[in-house]
Amino acid sequence: VLCDGDDVSVAEIARELATGFGRSPRCVVDVPEAWLRRAALALGRGAALDKLAGELRVDASAFRSATGWVPPCGAREALRATAAASLADCTKAAHRD
C-alpha cells in the first residue's frame with residue numbers, strides 16, 4: 001500500500017468527492033461517533049462501524065526514502081479529480097445514448 005502522507009478521514013473523503021461531483025460539501029453531516037456506535041451496536045453492525053470510523057494509517061516513509069517516490073498530487077486533489085472525471089464520463093455516456 002502506498003500513501004502520500006496526507007491522512008484523510010471518511011468524512012473528508014466524502015466532502016472531497018462531493019466537491020468533485022460539483023455538489024456542496026455541506027451535504028456531509030457530522031454525526032457524533034457515540035450516536036453512530038449506539039445505533040450500530042443496536043443493529044448488530046459494530047464491525048461495520050469500526051471499518052468506517054477506525055483509522056487506517058500507512059507509514060510509507062521507508063519506501064519513499066528507498067525509492068525517492070513522490071505522489072503526483074495529494075489525496076484530496078486526487079479525490080476531487082476522480083469524482084470530476086467520473087462525472088464527465090457519465091455525462092459523455094448519457095449523450096451518446
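## A quick tour of a five-helix chain

The accessible surface of the protein chain comes to about 7400 Å², and carbon and sulfur atoms account for 59% of that area. Keep in mind as you look around that this is a predicted model. Here's what to look for, starting with the whole chain and then zooming in on one helix pair and two single residues.

**The whole chain**

- If you count the pieces of secondary structure, you get five helices and zero strands.
- Walk along the sequence and the pattern reads α-α-α-α-α.
- The chain's radius of gyration is 17 Å, whereas a compact globule of 97 residues would come in near 13 Å.
- Lined up along the principal axes, the C-alpha atoms fill a box of roughly 50 × 45 × 25 Å.
- Just 13% of the 97 residues count as buried.
- Take the contacts between residues at least 6 apart in sequence: 64% of them link residues that are at least 24 apart.

**Helices α2 and α3**

- When two helices pack together, we describe the pair by the angle between their axes and the distance between those axes.
- Helix α2 covers residues 33-42 and helix α3 covers residues 46-53, and their axes come within 8 Å.
- Those two axes cross at roughly 150°, and an angle over 145 degrees counts as roughly antiparallel, so that's the label for α2 and α3.
- On the α2 side, the residues that meet α3 are E33, L36, R37, A40 and L41.
- On the α3 side, their partners are G46, L49, D50 and A53.
- Sort the residues of this contact by type and you find five nonpolar, one polar and three charged.

**E16, a residue in α1**

- E16 sits in helix α1, which spans residues 10-20.
- Is E16 buried or exposed? Its relative accessible area is 14%, and the cut-off for buried is under 20%, so E16 is buried.
- Leaving aside residues up to four places away in sequence, E16 touches R76, L79 and R80.

**V58, a residue in a loop**

- Where is V58? You'll find V58 in the loop between α3 and α4, with α4 running over 61-67.
- V58 has 30% relative accessibility, and therefore counts as partly exposed.
- V58 and S24 are 34 residues apart along the chain, and their C-alpha atoms are separated by 29 Å.

Note on methods: Residues numbered from 1 in each chain as written. Predicted model: local features only at pLDDT ≥ 70, side-chain atom pairs only at ≥ 80, totals over all residues. Heavy atoms only, no water. Axes fitted to C-alpha atoms, helices over the stretch in contact; angles between N-to-C directions. Helix = DSSP H or I, 4+ residues; strand = E, 2+ residues; numbered from the N terminus. Parallel < 35°, antiparallel > 145°, perpendicular 65-115°, else oblique. Contact = heavy atoms within 4.5 Å. Nonpolar A, V, L, I, M, F, W, Y, C, P; charged D, E, K, R; others polar. Rg over C-alpha atoms; globule rule 2.2 N^0.38 Å. Buried < 20%, exposed > 50% of the residue type's maximum accessible area, 1.4 Å probe, protein only. Areas by Shrake-Rupley, 256 points an atom, 1.4 Å probe, with all protein chains shown as cover.
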